[in-house]
Amino acid sequence: MRDDHSIPPQDQASSRNGLLDLLRFSAALMVAVYHFLYRGAQDGGYLDHAFGTAGVAVSLGYLGVNLFFMISGFVIIWSASGRDWYGFSVGRLARLYPAHLVAMTITFLVMLWWAQPPYQTDISQWLANLTMLAPMFGSDFMDGAYWSIVIEIIFYGWVVIGLFSGFIPRHTDAAVAIWMLLVMVNNTMLGSRPVELLFLTEYGSYFALGIMTWRNSSLGPSNLRLLVAAIALAMTFHAAEVQRLDVIFRLGEASSAPLVALANAGIVGLFLLAAALGRHIKAGPWVLALGGISYPFYLIHQNAGYILINATVPAIGKWSAFALALILSIAVSWWIYARVEPLGRAIIRALFSPAARYMPRTFSRYPAPAE
């Protein structure tokens, strides 16, 4: 049961797609800059100071999350290949939980110190957030960015079910085709919130495009794979327009429909280019590190960054406060990646690996896992 960080750096470099690592960090940076320069002052009074035209210029930075989902579809199906359901589950837990635990606790302590609206918390919220599924326990996320991690966890859950049943990888193409049919029906006709949550129909097209990109590139194109990829691609534009309308509802303003469609085409194009070329470009240690810090960076930056900016603007000005929040977020992310995650993964593997011998197993011989 190995994951990307259990592989020595030199072996990771030969098996990883370095461009996707760079793209993953770029997506996290897009979201952080969007939050600091635009969203924080526009929604909920999180930031006391707005950044004017600079904020408007990065107002589509939320699309970085969609880029994450495409990369996740590609990498997770790659990672699941050659693994059984239990090995995959433990690998995902080891990858997600240590960084979440530490980043969430840091955010909790910063909010507890600041203790001014809208940054108020208590021990019950911290306890609920230990589960990574805080709303199920009647609590808010410790940080607004965590909603997308829940989307990822649901996606992983379906992959685990597919691996356990043997449906993945033997019938992956058919499964994704059925998923895309459900996405189209729910997004254009039913509009069911339970279906949307359970089957990820709002963002499913991005995951599916990532999955089919990996399937087409690693196993060769087929009529079904190309058709499903084309449908997923088309539905990403529908999803981006729904997001635009949601932004109008929440913030009272948004970019035009053509501009959002163009931006969506841009992130899709970047993803497809990275997926096609990245396996031919060696991923050096610094590329692996940037990919590695992208997850803790995404977790740690938002509320703690807002508080840091609010606290330091009077002394150093808003642009210096913005730079400080960005640099400090990256520095803490590096510490989590380099120091916390290796220990956390070792503990989780030590706790869960012995049970593997007692678990019903499934295994398929496909290309080597990505992580």
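User: Which helices are included in what covers the buried residues of α7?
Analyst: This model is predicted: local features need pLDDT of at least 70, side-chain atom pairs count only at pLDDT 80 or more, and totals for chains, interfaces and linings use all residues. Residues are numbered from 1 along each chain as its sequence is written, and side-chain values use heavy atoms, without hydrogens or water. Helices (DSSP runs of H or I, at least four residues) are numbered from the N terminus, buried means under 20% relative accessible area with a 1.4 Å probe and protein chains only, and contact means heavy atoms within 4.5 Å. The cover of the buried residues of α7 includes α4 (63-80), α5 (85-114), α8, α9, α11 (204-219) and α14 (285-300).

User: Which residue with a positive phi follows α7?
Analyst: Within α7, the buried residues include Ser148, Ile149, Val150, Ile151 and Glu152. Farther along α7, Phe155, Tyr156, Val159, Val160, Gly162 and Leu163 are buried as well. After the helix comes a residue whose phi is positive, near 85°, and that residue is Gly166.

User: How many of the residues of α4 are buried?
Analyst: α4 is one of the helices that cover the buried residues of α7. α4 is itself largely enclosed by the rest of the structure, because its buried residues number 18 of the 18.

User: Which residue follows α4, and what is its phi near?
Analyst: The residue that follows α4 is Gly82. The phi of Gly82 is positive, near 85°.

User: What is the volume of the largest cavity?
Analyst: A cavity is a set of points on a 1 Å grid over the protein atoms alone where a 1.4 Å probe fits but cannot get out, whereas a pocket is an open set with protein on both sides within 12 Å along at least five of seven lines; lining residues have an atom within 4 Å of a point. Points are joined across faces, edges and corners, and a volume is the space filled by probe spheres set on them. By this rule there are three cavities of 30 Å³ or more. The volume of the largest cavity is about 320 Å³.

User: Which helix gives the most residues to the lining of the largest cavity?
Analyst: This cavity is lined by 18 residues, and nearest its centre lie Arg24, Phe68, Glu152, Tyr156 and Tyr295. Two or more lining residues come from each of α4, α5, α7 and α14. With six residues, the helix that gives the most is α4.

User: Which residues lie nearest the centre of the largest pocket?
Analyst: The largest pocket has a volume of about 1200 Å³. At least two lining residues come from each of α2 (18-42), α7 (147-165), α10 (193-199), α12 (223-251) and α15 (302-316). The lining has 39 residues, and those nearest the centre are Arg39, Phe141, Gly144, Ala145 and Trp147.

User: Which elements give two or more residues to the lining of the second largest pocket?
Analyst: The second largest pocket holds about 460 Å³ of space. Among its 18 lining residues, Trp158, Ile168, Ala175, Val176 and Trp179 are the closest to its centre. The elements that give two or more lining residues are α7, α8 (167-170) and α9 (172-190).

User: Where are the cis peptide bonds that involve Pro118 and Pro169?
Analyst: Pro118 is placed in the loop between α5 and α6 (123-129), and the cis bond there joins Pro117 and Pro118, with omega about 0°. Pro169 is found in helix α8. The cis bond at that place has an omega of about 10° and joins Ile168 and Pro169.

User: Is Met132 buried or exposed?
Analyst: Met132 is found in the loop between α6 and α7. Its phi is positive, about 70°, although Met132 is not a glycine. Because its relative accessibility is 9%, Met132 counts as buried.

User: What is the relative accessible area of Leu200?
Analyst: Leu200 is found in the loop between α10 and α11. Leu200 is not a glycine, yet it has a positive phi of about 55°. It counts as buried because its relative accessible area is 4%.

User: Which residues does Ser59 touch, not counting residues up to four places away in sequence?
Analyst: Ser59 is placed in the loop between α3 (52-57) and α4. Its relative accessible area is 13%, so Ser59 is buried. Not counting residues up to four places away in sequence, Ser59 touches Tyr34, Tyr38 and Ser255.

User: Which residues does Ser205 touch, with the same neighbours in sequence not counted, up to four places away?
Analyst: Ser205 has its place in helix α11. Its relative accessible area is 1%, so Ser205 is buried. Not counting residues up to four places away in sequence, Ser205 touches Met180, Ala232, Met235, Thr236 and Ala239.

Note on methods
Buried < 20%, exposed > 50% of the residue type's maximum accessible area, 1.4 Å probe, protein only.
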